[in-house]
Amino acid sequence: MTSESPLSPKSLSASEYVLALFEPEDTVAVLARNRRTGQTVQRITSAETVASPEFQSWLRRENAAGADIFIGMNPIKDGAYARTKGNIREIRHIYLDLDTGGQEAVEAIRNSPEVPAPNFVLDTSPHKHQIVWIVEGLDQEQAESMLRTMADQFGGDPAATDSTRVLRLPGFSNKKYNEEFIVQACRESNEIYHARDFMIQDDSPETARHLGDESGRRLPQVHRSQSEQDWAYAKRALARGDDVEEVIRRIVDFRTGEKADPEYYARHTVSKAQAALREARPSDQARFHPEDNSREIS
């Protein structure tokens, strides 16, 4: 990692955060997703444009109208019009989305000998946080493997483990809850990290390429399409009791820009996952009772 003087934590505006994440000329994706209307708007433009007063004014209007505001965490190739893995220009960040554990989870990461000091800590809602590290020299496969392992070890959201992930932009209200909460970002380090700075053991059960037989020989990696991975994710999330609408939202956020109708795609994927779980465990129908958190979708 780079050698920098100690940094006093500093709260960042949306524009400051964008330009701390990216170079002004980087092409980035910004999403405005309105839960009330179900509409998602994705804009792909330069970081300099996103940080401009005019673009920030548009985002504030979208936010006031009910939209949550997100930004893609890795720059996109010049000329690309979709936020797909093939369009990611380079890996610039790795991150954790901490939905459980609150401030204790953040402190555990700050004090962990296995990961370096975070560059940014975001407060996204009461007791929920996002952690971001600036990195260089990682390819997509390395980054996503690291993301899965870190989510597994530190209790992060397993859905936030892909290189096309969007995370919240500070300075805007989180519209997921009835009570308004303004997302805040604090910069805690100026370091740029490399793979060697993360001392985690890549032993996540989801990392298929590291599986071996009892003799230690590597087994062939199973290559799945992104649709198959989405379906497998939905099954895992539903099986552990995640809210159906939340699972749908995560898939919509991930696939916006790739599917003509990401809402329909996500609901169809989750419906298939529910059917597969019912077939695998026919005696466990109560798990999917319409009144619980894993209710059937319509």
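Which residue in β7 is the bridge partner of L122? In this predicted model, the bridge partner turns out to be Q130. That pairing sits within a longer match-up, since strand β6 (residues 120–125) and strand β7 (residues 128–134) run antiparallel to each other over 5 bridges. Down at the turn, S125 has K128 in β7 as its bridge partner. The two strands make a hairpin with 2 residues between them, and H127, in the turn, shows a positive phi of about 70 degrees.

On another pairing, β6 goes with strand β9 (residues 184–187), again in the antiparallel sense, this time over 4 bridges. Here D123 of the one strand has Q184 in β9 as its bridge partner. As for exposure, β6 is mostly covered, with 5 of its 6 residues buried. In general, strands of a sheet pair through backbone hydrogen bonds, either parallel or antiparallel.

Stepping back to the whole sheet, there are 5 strands in the order β1-β9-β6-β7-β5, and the sheet is open, with antiparallel pairing. The edges are taken by β1 (10–12) and β5 (93–98), each of which pairs on one side only. Neighbouring strands in this sheet are turned against each other by 25 degrees on average, direction ignored.

Two helices come up against these strands. Helix α4 (residues 102–110) packs on the sheet and touches β5, β6 and β7; its direction makes about 20 degrees with that of β7. Helix α5 (residues 140–154) lies across β5 and β7, and its run is at about 25 degrees to β5.

Next comes the empty space. Searching the whole structure turns up 1 cavity of 30 Å³ or more. The largest cavity has a volume of about 220 Å³. It is lined by 22 residues, and the closest to its centre are D97, D99, Q130, R168 and R249. So much for the centre; what about the elements around it? At least two lining residues each come from β6, β7, β8 (166–168) and α7 (244–255), and α7 gives the most, with 4 residues. Q130 thus turns up twice, as the bridge partner of L122 and among the residues closest to the cavity centre.Helix α8 (residues 262–280) offers a quick check on geometry. At 1.5 Å a residue, its 19 residues should span 27 Å, and the end C-alpha atoms are indeed 27 Å apart, so the two values agree. The buried residues of α8 are P262, Y265, A266, T269, V270, A273, Q274, A276 and L277.

Finally, is L19 buried, partly exposed or exposed? This residue, which lies in helix α1 (residues 14–21), has a relative accessible area of 42%; because buried means under 20% and exposed over 50%, L19 counts as partly exposed. Beyond its neighbours within four places in sequence, L19 is in contact with P24, A47, E48 and A51. With A51, the partner lies 32 residues away along the chain, yet the two C-alpha atoms are separated by 7.0 Å.

Methods. Residues are numbered from 1 along each chain as its sequence is written. This is a predicted model: local features need pLDDT of at least 70, side-chain atom pairs count only at pLDDT 80 or more; totals for chains, interfaces and linings use all residues. Side-chain values use heavy atoms; hydrogens and water are left out. Two strands pair if DSSP finds at least two bridges between them. Axes are lines fitted to C-alpha atoms, for helices over the stretch in contact, and angles run from 0 to 180 degrees between N-to-C directions. Contact means heavy atoms within 4.5 Å. The expected span of a helix is 1.5 Å times one less than its number of residues. Buried means under 20% relative accessible area, exposed over 50%, partly exposed in between (1.4 Å probe, protein chains only). On a 1 Å grid over the protein atoms alone, a cavity is a set of points where a 1.4 Å probe fits but cannot get out, and a pocket is an open set with protein on both sides within 12 Å along at least five of seven lines; lining residues have an atom within 4 Å of a point. Grid points are joined across faces, edges and corners, and a volume is the space filled by probe spheres set on the points.
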